[in-house]
Amino acid sequence: MGFFDKIKAGLTKTRDAMASTLGSVFHFSQIDDDFYDELEESLILADLGVDTAVKATEKLRKVIREQHLKTPEEAKAALKEILVEMLNVGSTELNLSTMPSVVLVIGVNGVGKTTTIGKIATRLVREGKKVLLVAGDTFRAAAADQLE
């Protein structure tokens with residue numbers, strides 16, 4: 001299984017949870033306070049986090065007001081655009097111009113974080129950089145051994 005396949009597989013649970021919880025929200029007949037409350041709760045239950053759910057719901061309220069959207073289907077399309085926009089983090093290029101530089105790698109289990117860390121470290125060593133790897137995995141005692 002390739003790196004991107006592992007990421008895709010890791011996000012399957014989140015995608016499925018979001019699809020099932022959001023499906024009920026967009027069956028509302030009108031956009032009202034109950035709709036927004038249900039949407040926010042569904043986003044939280046789909047593991048988007050409280051802050052992200054609140055921000056997305058607030059942005060959706062604003063878009064619905066500004067664009068005079070009337071139906072939940074129109075709101076669904078607007079929410080999709082909002083969430084895609086929120087995922088845009090800008091440049092993902094690794095910036096190691098500071099001395100020392102720190103790279104923090106986080107993610108769900110099984111997507112290849114440790115393998116990727118090893119590949120990055122190998123590349124940096126080949127470029128003549130000094131690399132120190134620190135295992136910060138609080139759930140798996142074998143993380144330090146795996147990094148070796």
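The chain has an accessible surface of about 11,200 Å², and carbon and sulfur atoms own 55% of that. Accessible areas here come from the Shrake-Rupley method with a 1.4 Å probe, and for residues only the protein chains shown count as cover. What you're looking at is a predicted model, where local features need pLDDT of at least 70, side-chain atom pairs count only at pLDDT 80 or more, and totals for chains, interfaces and linings use all residues. Residues are numbered from 1 along each chain as its sequence is written, and side-chain values use heavy atoms, with hydrogens and water left out.

Of the 148 residues in the chain, 21% are buried. Buried means under 20% relative accessible area, exposed means over 50%, and partly exposed is in between (1.4 Å probe, protein chains only).

**The overall layout**

There are six helices and zero strands in the chain, so "helix" and "strand" need a rule: they are DSSP runs (H or I, at least four residues, for helices; E, at least two, for strands), numbered from the N terminus. Starting at that end, the order reads α-α-α-α-α-α. Now for contacts, meaning heavy atoms within 4.5 Å. Among the contacts with a separation of 6 or more, 48% join residues 24 or more positions apart.

**Around helices H2, H3 and H4**

Which residue of helix H2 forms a salt bridge with arginine 61? That would be aspartate 33, with 3.7 Å from N to O. Aspartate 33 sits in helix H2 (residues 33-45) and arginine 61 in helix H3 (residues 50-67), so this pair ties together parts that are 28 residues apart in sequence. Aspartate 33 is exposed at 51% relative accessible area, whereas arginine 61 is partly exposed at 29%. The rule for a salt bridge is a side-chain nitrogen of Lys or Arg within 4 Å of a carboxyl oxygen of Asp or Glu.

Arginine 61 has another partner to look at: it lies over the face of tyrosine 36, 4.0 Å from the ring centre. That label needs NZ of Lys or CZ of Arg within 6 Å of the ring centre and within 35 degrees of the ring normal.

Tyrosine 36 also belongs to the one aromatic pair found in a search of the whole structure. Its partner is phenylalanine 35, and the two rings meet edge-to-face, 5.6 Å centre to centre with 75° between the planes. Rings of Phe, Tyr and Trp (its six-membered ring) pair if their centres lie within 6.5 Å; planes under 30 degrees apart are stacked, over 60 edge-to-face, and the rest tilted. Both phenylalanine 35 and tyrosine 36 are buried.

Threonine 57, in helix H3, is buried at 2% relative accessibility. Leaving out residues up to four places away in sequence, threonine 57 touches Tyr36, Leu39, Glu40 and Leu43.

Over in helix H4 you'll find isoleucine 82. Is isoleucine 82 buried or exposed? Buried, with a relative accessible area of 7%. With residues up to four places away in sequence set aside, isoleucine 82 touches Ala56, Lys59, Leu60 and Val63. Take alanine 56: it is 26 residues from isoleucine 82 in sequence, but their C-alpha atoms are 6.7 Å apart in space.

**The salt bridges together**

By the rule above, the count comes to three salt bridges. Here they are side by side:

| Residue pair | N to O distance |
|---|---|
| Aspartate 33 and arginine 61 | 3.7 Å |
| Arginine 123 and glutamate 127 | 3.1 Å |
| Lysine 129 and glutamate 127 | 3.7 Å |

Arg123, Glu127 and Lys129 are linked in a network. Each of these residues is partly exposed: arginine 123 at 46%, glutamate 127 at 44% and lysine 129 at 37%.

**Loops worth a look**

Leucine 94 is in the loop between helix H4 (72-87) and helix H5 (113-126), and it is partly exposed at 37% relative accessibility. Together with Val103 and Val105, Leu94 makes a nonpolar surface patch of about 200 Å². Patches are made of residues with over 30% relative accessible area and no salt bridge, joining like charges within 9 Å and nonpolar side chains (Val, Leu, Ile, Met, Phe, Trp, Tyr) within 5 Å.

Proline 100 is also placed in the loop between H4 and H5. The peptide bond leading to proline 100 from methionine 99 is cis, with omega near -10°.

Finally, histidine 68 belongs to the loop between H3 and H4. Its phi is near 55°, a positive value in a residue other than glycine. Histidine 68 is exposed, with a relative accessible area of 57%.
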